[in-house]
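Trainee: I am new to this structure and would like a close look at a single part of it. Could you take me through that part slowly, in one connected answer?

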Amino acid sequence: MDSAARSALTWVGRLCLLAIPFVFISGLAWPQGIRALDPVLCPSGLSIDKVEDPGEGTISRITSYEVVCRSADRLTVVTGKVFAVMGGLFLLAVAAYLLRERITPAFRAPAQVPTRR
């Protein structure tokens with residue numbers, strides 16, 4: 001049972017670590033790839049539309065492009081939330097690996113210890 005839990009936590013950690021670059025690259029190049037995160041990233045009624053250049057004179061220049069959620073009459077920038085999701089995935093991976101290390105496999109001694117004469 002311990003080995004199954006350790007294996008499951010290992011895969012959870014791996015998947016979270018692999019999801020971080022996917023979210024980052026999809027957020028910049030192909031926002032439709034992270035459309036499943038609409039309920040987390042966008043306010044209700046909005047969906048991830050595209051990445052656009054904020055233009056000159058903007059106050060926030062965290063990145064040169066911003067991920068936006070859009071509806072027919074509203075526009076919201078969610079670049080900070082994308083970074084927060086990546087940070088949450090990293091923390092989840094660290095927690096999975098730490099919990100994995102706390103689950104120790106049972107120690108099994110050899111059936112017979114060879115004796116020397």
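Trainee: Which residues does Thr-10 touch, not counting residues up to four places away in sequence?

Mentor: Please keep in mind throughout that this is a predicted model. With residues up to four places away in sequence left out, Thr-10 touches Tyr-97 and Arg-100. Thr-10 itself has its place in helix H1, which covers residues 2-29, and its side chain is joined to the side chain of Arg-100 by a polar contact of 2.5 Å. The relative accessible area of Thr-10 is 9%, and because buried means under 20%, Thr-10 counts as buried.

Arg-100 leads us to helix H3, since Arg-100 is listed among the buried residues of that helix, together with Thr-79, Val-82, Val-85, Met-86, Leu-89, Ala-93 and Ala-96. What covers these buried residues of H3 includes H1, helix H2 (38-41), S2 and strand S3 (75-77). The length of H3 can be checked with a little reasoning: at 1.5 Å a residue, its 24 residues should span 34 Å, and because its end C-alpha atoms are 35 Å apart, the two values agree.

Helix H3 takes in residues 79-102, with Thr-79 among them, and this threonine deserves a look of its own. Thr-79 is buried, with a relative accessible area of 9%, and its side chain reaches the backbone nitrogen of Val-67 at 2.9 Å.

Thr-79 and Val-67 also appear together around an enclosed space. The structure holds 1 cavity of 30 Å³ or more, and about 70 Å³ of space lies in the largest cavity. Its lining is made of 10 residues, of which Leu-28, Val-67, Thr-79, Val-82 and Phe-83 lie nearest the centre. The elements that give two or more residues to this lining are H1, strand S2 (66-70) and H3. Sorted by class, the lining of the largest cavity has 6 nonpolar, 3 polar and 1 charged residues.

To finish, we can return to helix H1, where Gly-27 is found. At 2% relative accessibility, Gly-27 counts as buried, and although Gly-27 and Val-78 are 51 residues apart along the chain, their C-alpha atoms are separated by 9.9 Å.

Technical notes: Residues numbered from 1 in each chain as written. Predicted model: local features only at pLDDT ≥ 70, side-chain atom pairs only at ≥ 80, totals over all residues. Heavy atoms only, no water. Helix = DSSP H or I, 4+ residues; strand = E, 2+ residues; numbered from the N terminus. Buried < 20%, exposed > 50% of the residue type's maximum accessible area, 1.4 Å probe, protein only. Polar contact = N/O pair within 3.5 Å; in protein donor to acceptor, adjacent residues only side chain to side chain. Contact = heavy atoms within 4.5 Å. 1 Å grid on protein atoms, 1.4 Å probe; cavity = no way out; pocket = protein on both sides within 12 Å on 5 of 7 lines; lining within 4 Å. Points joined across faces, edges and corners; volume = space filled by probe spheres on them. Nonpolar A, V, L, I, M, F, W, Y, C, P; charged D, E, K, R; others polar. Expected span 1.5 Å × (residues − 1).
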